[in-house]
Amino acid sequence: MAVIKALVYLLIYPGILFLFVYSTFCEWFDRKLYARLQNRIGPAYTGRNGILQPVADFLKLLFKEDIVPEKADRIIFSSLPVIGLAVVVTVGLYLPLWNVDVSIPSFNSFQGDVIVVLYLLSLPTLIFFLAGWHSTNFFSTLGGVRVLTMLFGYEVPLFLAILSPAIVADSWRLAEISYFYQKFPFLLLFQVTGFFVSVIALQAKLERTPFDIPDAETEIVGGTFTEYSGKKLAFFRLMTDIEMVVGSGLIATVFMAGFSGGIVLGLFKFVLKTLLVIAILSLIRAACSRIRVDQMVVFSWKYLTPLAVLQLLISIVVKGIIQ
Amino acid sequence: MKKITIPIGPQHPALKEPISLRMTIEGEVVKDADVRLGYNHRGLEKLAENKTYIQNIYLMERICGICSHSHTTCYVQAVEKLCGLEVPRRGLYIRMLVCELERIHSHLLWLGVAAHEAGFDSLFMYTWRDREVVMDLLEIISGNRVHYAINTIGGVRRDVNENQKEKILEGIKFLKMRTEYYTNLGTTEPTFVVRITKVGMLPKEKAIALCAVGPTLRASGVASDIRKDDPYAAYSEIPFELCTANTCDVLGRVVVRVKELVESYKIVEYIINNLPQGDIKVRAPRKVQPAEVVSRYEAPRGENIHYVKSNGTDKPERLKVRAPTLANYPATIEMLKNCFVADIPLIFAAIDPCVCCAERFVELKDIRKGTSKVLSMADIRRKYKYNEIKKDFVWPL
Amino acid sequence: MNQQELIERIKTELGDKIVEISSPAERRVFLTVTGENLVDTVKKLRDSFDFYHLSTITGMDTLSSFEILYHLANKLCCLTVRVSIDRNNPEIMTICDVIPGAILYEREIQDLLGIVVKNIPDPRPLVLPDDWEKGNYPLRKDWNYQAPEEKIPGENK
């Protein structure tokens with residue numbers, strides 16, 4: 001029985017199948033909103049209102065020719081997309097979606113799983129760097145170097161901002177953090193700065209405009225993904241989509257008091273809250289142009305990190321007051 | 001990091017037309033740049049010696065899609081001077097109307113392309129949506145969205161009636177509103193401005209010494225515009241201002257082009273409101289007396305110069321075309337030194353490159369290469385096995 | 001000053017270097033000099049008369065000689081300096097020291113007409129491909145239309 005339950009968790013909900021379906025829906029939502037903001041239509045033909053477009057893109061890429069560059073290490077080159085996909089799906093398992101009560105919130109939750117989630121979310125950056133490096137192409141190497149340079153910029157504010165609500169809630173477990181804020185929702189008002197800092201840092205982690213420097217199409221042809229094609233590229237794109245979903249899920253758990261109320265209501269709240277975060281991400285994407293990598297690092301150390309530190313101080317003060 | 005040489009082009013997503021730039025890079029800074037031309041040569045100057053003057057108008061039009069009217073007008077002006085024709089004023093005004101509409105559409109296109117290179121896709125989509133308004137106006141006047149074919153030796157081919165005039169004025173009013181919005185957007189959106197400020201610096205003395213033309217020159221503070229210095233086609237009768245900027249960088253070029261847009265709206269309104277009555281063309285002789293003439297024109301990209309020499313027959317002896325983008329290449333190379341890799345497409349886009357304008361010489365070999373390249377690859381796949389090609393062969397680029 | 005005054009001043013400044021000077025239309029002046037006096041003439045025009053903008057360089061093949069026209073421009077008019085050189089031994093001095101922007105135009109006439117430009121800073125061909133054979137100058141009037149045999153890189157012979 002437990003084995004079947006574990007398999008359902010892993011494969012169907014909230015495992016691979018659910019994340020796959022939901023991330024394609026989120027990608028459609030993002031593209032449609034971005035297009036409407038630019039006075040265009042966006043995906044419109046596949047399925048009703050274009051909702052099957054991301055699925056169509058994924059299937060098309062699966063059928064394309066798969067080329068490995070001659071000088072590249074075949075094993076690492078081919079396994080990187082799969083490893084990346086595995087990493088982001090694992091993050092999805094830690095989100096507290098089965099919130100029946102605090103003792104059985106998700107597949108496995110334990111003290112300290114916030115740290116594990118943040119660690120797992122920085123692995124994709126390393127994977128992009130390795131992908132760029134192993135492509136043995138100057139443009140990809142440059143893209144990989146830029147990915148790591150950006151990591152120095154956004155990682156610190158993201159960590160600080162996500163950990164501030166954890167300090168107030170006095171726990172390092174995602175389920176308990178969201179449970180705490182479900183009990184005291186007004187304490188969320190003190191976390192607004194952290195919310196905005198983490199949304200901007202998430203935009204940088206997902207490599208979307210204004211931070212899509214490593215994948216700048218007009219400058220370095222395709223950045224880290226220049227040499228990838230076919231199934232491998234399909235997995236990489238799926239990985240970025242799922243990363244968007246779990247990243248916004250993480251922000252929704254920590255800053256928006258999680259998904260309470262059992263399985264169905266919890267799912268409904270999950271969809272609502274993640275779509276809200278993704279809408280904000282799309283708005284930022286439509287309103288800004290791409291900045292250079294050195295300007296990005298300067299921006300995050302000059303503005304984002306001080307704001308994150310400020311948020312941390314506010315959290316410490318609030319915790320002192322409520323105790 | 002040691003110095004590496006990377007090729008940008010001939011195929012690159014940042015370039016709309018093939019051109020090969022070899023950059024020597026150290027880390028993320030460009031140390032040296034080199035331009036190699038010739039990928040778009042079509043043999044037009046040699047071809048023009050074998051066609052009559054009227055047939056050459058069609059040839060000149062197809063030098064470029066965006067600035068087609070500039071090449072035909074420049075050529076037709078030269079031939080009219082050779083024949084000693086005087087074009088009636090109504091014809092000249094209609095010619096100027098299409099010139100200014102072309103300038104508007106070219107600058108809107110450029111704004112979109114520069115925004116796209118900087119990563120600002122929203123501005124790209126908005127300007128190209130508004131460009132449709134201009135294309136529709138041009139279609140109303142001439143029947144075509146590109147290659148308007150409105151010039152002929154001795155005047156223009158089509159007339160403008162009252163209905164069309166009203167539509168043009170409406171369109172211009174709408175565009176004026178939108179351009180104000182873009183001016184605000186382009187100069188105050190911080191992520192965009194920080195990308196284009198201090199990028200592609202071209203100091204004033206260098207701009208003059210390297211013979212730059214057009215908005216690239218005017219953004220460095222030099223007040224030089226052929227419409228004012230060497231007025232052709234009744235521009236001396238129209239009041240407008242010369243637009244310059246002092247910042248010598250890509251932001252200056254954006255500002256100059258947006259100011260020129262505003263001036264073009266004023267010129268179009270003046271033309272429509274003061275269109276003189278009369279004929280639109282005169283008859284042109286078929287054979288032209290031997291003479292030579294130099295004709296200059298202010299295209300959206302800069303100074304366009306045609307030199308025509310006739311020898312008494314109905315075909316020209318020599319027709320030389322120098323399109324504005326070619327004049328801006330030495331200035332581009334100067335701008336590319338000591339810039340970041342990320343700025344390369346932006347700097348190159350800022351001179352508004354129209355590579356097919358800049359290359360017109362005889363290149364039967366290239367035309368053959370263009371078609372037989374496809375054949376060769378198919379040939380190779382059919383006849384030779386793919387892995388028989390040597391593995392360590394160095395491609396000659 | 002107007003155009004007539006300009007022509008008079010040019011005549012006094014350049015004196016006997018001028019072979020011929022004419023003004024067939026408004027704002028157009030045509031000046032003929034010999035090949036040796038070219039660089040001095042252009043320098044004088046740039047310094048005393050503000051002709052610092054070179055629009056282009058045209059190379060022409062009249063069957064008896066080559067003519068090279070330098071189109072200079074200032075605020076007042078467009079002045080064309082014409083130089084005639086021998087067809088069998090076409091050589092001319094570069095003006096890149098005076099006007100650095102002339103480099104691409106000089107490479108172009110070198111490439112397509114076979115005129116040798118002495119002391120040019122960058123003698124590579126501009127527009128013809130790398131494996132174009134030497135001695136085949138397309139813009140000459142007696143050029144034959146035979147395209148040279150194309151070599152495909154990587155092909156096993």
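**Figure 1. Interface of chain A and chain B in the predicted model.** In this predicted model, 25 residues of chain A are in contact with 30 residues of chain B, contact meaning heavy atoms within 4.5 Å. The area buried between the two chains is about 2,400 Å², with carbon and sulfur atoms giving 57% of it; buried area is the accessible area (1.4 Å probe) that two parts lose on being put together, summed over both. The size of an interface is often given in this way, as the accessible area lost when the parts come together. Across this interface the rule finds 0 salt bridges, a salt bridge being a side-chain nitrogen of Lys or Arg within 4 Å of a carboxyl oxygen of Asp or Glu. For polar contacts, the rule finds 6 residue pairs across the interface of chain A and chain B, both residues at pLDDT 80 or more. A polar contact is a pair of N or O atoms within 3.5 Å; within protein, one must be able to donate a hydrogen and the other to accept it, and residues adjacent in sequence count only if both atoms are side-chain atoms.

**Figure 2. The side of chain A that touches chain B.** Two or more residues of this side come from each of helix H2 (16-37), helix H6 (138-169), helix H9 (217-220), helix H11 (262-287) and helix H12 (293-322) of chain A. Helices (H or I, at least four residues) and strands (E, at least two) are DSSP runs, numbered from the N terminus. H6(A) gives the largest share, 4 residues. By residue class, the side of chain A that touches chain B divides into 11 nonpolar, 6 polar and 8 charged residues. Here Ala, Val, Leu, Ile, Met, Phe, Trp, Tyr, Cys and Pro count as nonpolar, Asp, Glu, Lys and Arg as charged, and the others, Gly among them, as polar.

**Figure 3. Surroundings of helix H7 (residues 174-183) of chain A****.** The buried residues of this helix are A:Leu174, A:Ala175, A:Ile177, A:Ser178, A:Phe180 and A:Tyr181. Buried means under 20% relative accessible area, exposed over 50%, and partly exposed in between (1.4 Å probe, protein chains only). Their cover includes helix H4 (74-94), helix H5 (113-134), H6, helix H10 (230-255) and H12 of chain A.

**Figure 4. Overview of chain B.** Chain B contains 15 helices and 8 strands, and 62% of its 397 residues are buried. Of the contacts in chain B with a separation of 6 or more, 71% are between residues 24 or more positions apart. The accessible surface of chain B comes to about 15,300 Å², and 54% of it belongs to carbon and sulfur atoms; such areas come from the Shrake-Rupley method with a 1.4 Å probe, and for residues only the protein chains shown count as cover.

**Figure 5. The pair B:Arg286 and B:Asp314.** These residues form a salt bridge, the closest N and O atoms being 3.1 Å apart. The pair links distant parts of the chain, with B:Arg286 in the loop between H11 and strand S6 (291-299) of chain B, B:Asp314 in the loop between S7 and S8 of chain B, and their positions 28 residues apart. B:Arg286 counts as exposed because its relative accessibility is 59%, whereas B:Asp314 counts as buried at 16%. Leaving aside neighbours within four places in sequence, B:Asp314 is in contact with B:Lys51, B:Thr52, B:Tyr53, B:Arg286 and B:Lys287.

**Figure 6. A salt bridge within helix H11 (residues 250-273) of chain B****.** The side chains of B:Glu263 and B:Lys266 meet at 3.4 Å, N to O. Both residues lie in this helix, 3 residues apart, about one turn of the helix. B:Glu263 is buried, with a relative accessible area of 8%, and B:Lys266 is partly exposed, with 41%.

**Figure 7. A salt bridge between chain B and chain C.** The structure holds 42 salt bridges over all chains. In one of them, the side chains of C:Lys75 and B:Asp229 meet at 3.5 Å, N to O. The pair joins two chains, because C:Lys75 lies in the loop between strand S4 (65-73) and strand S5 (78-86) of chain C and B:Asp229 in helix H10 (residues 226-229) of chain B. B:Asp229 is buried, with a relative accessible area of 17%. Of the 2 pairs of chains in contact, chains B and C share the most contacts, while no contact joins chain A and chain C, whose closest C-alpha atoms lie 17 Å apart.

**Notes to all views.** Residues are numbered from 1 along each chain as its sequence is written, and chains are lettered from A and ligands numbered from 1 in the order in which they are written. Local features need pLDDT of at least 70, side-chain atom pairs count only at pLDDT 80 or more, and totals for chains, interfaces and linings use all residues, while side-chain values use heavy atoms, with hydrogens and water left out.
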